[in-house]
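Me: Could you take a close look at one part of this structure for me? I'd like to begin with a charged pair and then see what surrounds it.

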Amino acid sequence: MFSKEESRKLREDFWISYGKSFPRKWILYDTKIKGFSFKFHFDTKTALVSLDLEDDLENRINYWEKLQSLKSILKDEFLPDAIFEEEYILDNGKEISRIYVTLDQKVSIHNKNTWRDVMEFFNEKMGVFESFFEEYKDFLEV
């Protein structure tokens, strides 16, 4: 087991190491579309890259419908393993809509032996998500 401080330090070390290993400016929160963001997630059990819709319900529905109309393109040409969840509940209880891909192997941010696989997964999948976004952002904007 790790103390909170040890866990915090490992998380910090991972993200610093990731930034140094794959130096690149990611779109992430700067999509220029309110409530529409890309995220990396890595904890003691999973790693995932997601496109999250977190705005008010009306805008979330609007963006979700647009993304649904692009679902076959996203899955056929970009991310065949993408999971679409219109109602995704975050750990804090907030409901969002999410499209995501997970790393299909056992990983933990507390295990440095899994870090390289996660970093490569993040780099590949976020790059593909961003390519999709760049290709279709004009369609997605309200």
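Reply: Let's start with E134, which forms a salt bridge with K137, the closest N and O atoms being 3.2 Å apart. By salt bridge I mean a side-chain nitrogen of Lys or Arg within 4 Å of a carboxyl oxygen of Asp or Glu. Keep in mind that this is a predicted model, where local features need pLDDT of at least 70 and side-chain atom pairs count only at pLDDT 80 or more, while totals for chains, interfaces and linings use all residues. Side-chain values use heavy atoms, with hydrogens and water left out, and residues are numbered from 1 along each chain as its sequence is written.

E134 and K137 both sit in helix 4, 3 residues apart, or about one turn of the helix. Helices (H or I, at least four residues) and strands (E, at least two) are DSSP runs here, numbered from the N terminus. E134 counts as partly exposed because its relative accessible area is 42%, and K137 counts as partly exposed because its value is 27%. The cut-offs are under 20% for buried and over 50% for exposed, with partly exposed in between (1.4 Å probe, protein chains only).

Helix 4 (115-140) also has a nonpolar side to its story. Helix 4 gives the most to the largest nonpolar core, with 11 residues. Such a core is a set of buried Ala, Val, Leu, Ile, Met, Phe, Trp, Tyr and Cys residues joined through side-chain atoms within 4.5 Å. Of the 40 residues in this one, F14, F36, F42, I99, F122 and F129 touch the most other members. Other elements giving two or more residues to this core include helix 1 (4-21), helix 3 (71-78) and strand 4.

Zoom in on F129: leaving aside residues up to four places away in sequence, F129 touches F38, V49, S50, L51, L79, I99, Y100 and V101, where contact means heavy atoms within 4.5 Å. There is also a second, separate core of 5 residues, including L48, Y88, I96 and Y100.

That brings us to the sheet, an open one with 4 strands in the order 1-2-4-3 and antiparallel pairing. Two strands pair if DSSP finds at least two bridges between them. Strand 1 (36-42) and strand 3 (83-89) are the edge strands, each pairing on one side only. From one strand to the next, the twist averages 30°, with axes taken as lines fitted to C-alpha atoms (for helices over the stretch in contact) and angles running from 0 to 180 degrees between N-to-C directions. Strand 3 is joined to strand 4 (residues 95-102) by 5 bridges, and Y100 in strand 4 stands opposite I83. In the hairpin of these two strands, with 5 residues between them, G93 takes a positive phi near 95°. Helix 2 (residues 57-69) lies across strands 1, 2 (47-53), 3 and 4, at about 30° to strand 4.

Back to the charges: the whole structure has 15 salt bridges. Helix 1 holds R8 and E5, which are 3 residues apart, and their closest N and O atoms are 2.5 Å apart in a salt bridge. D13 and K9 form another, at 2.8 Å; these two are 4 residues apart in helix 1, so they are separated by about one helical turn. Elsewhere, K39, D52, E54, K94 and R98 are linked in a network of salt bridges.
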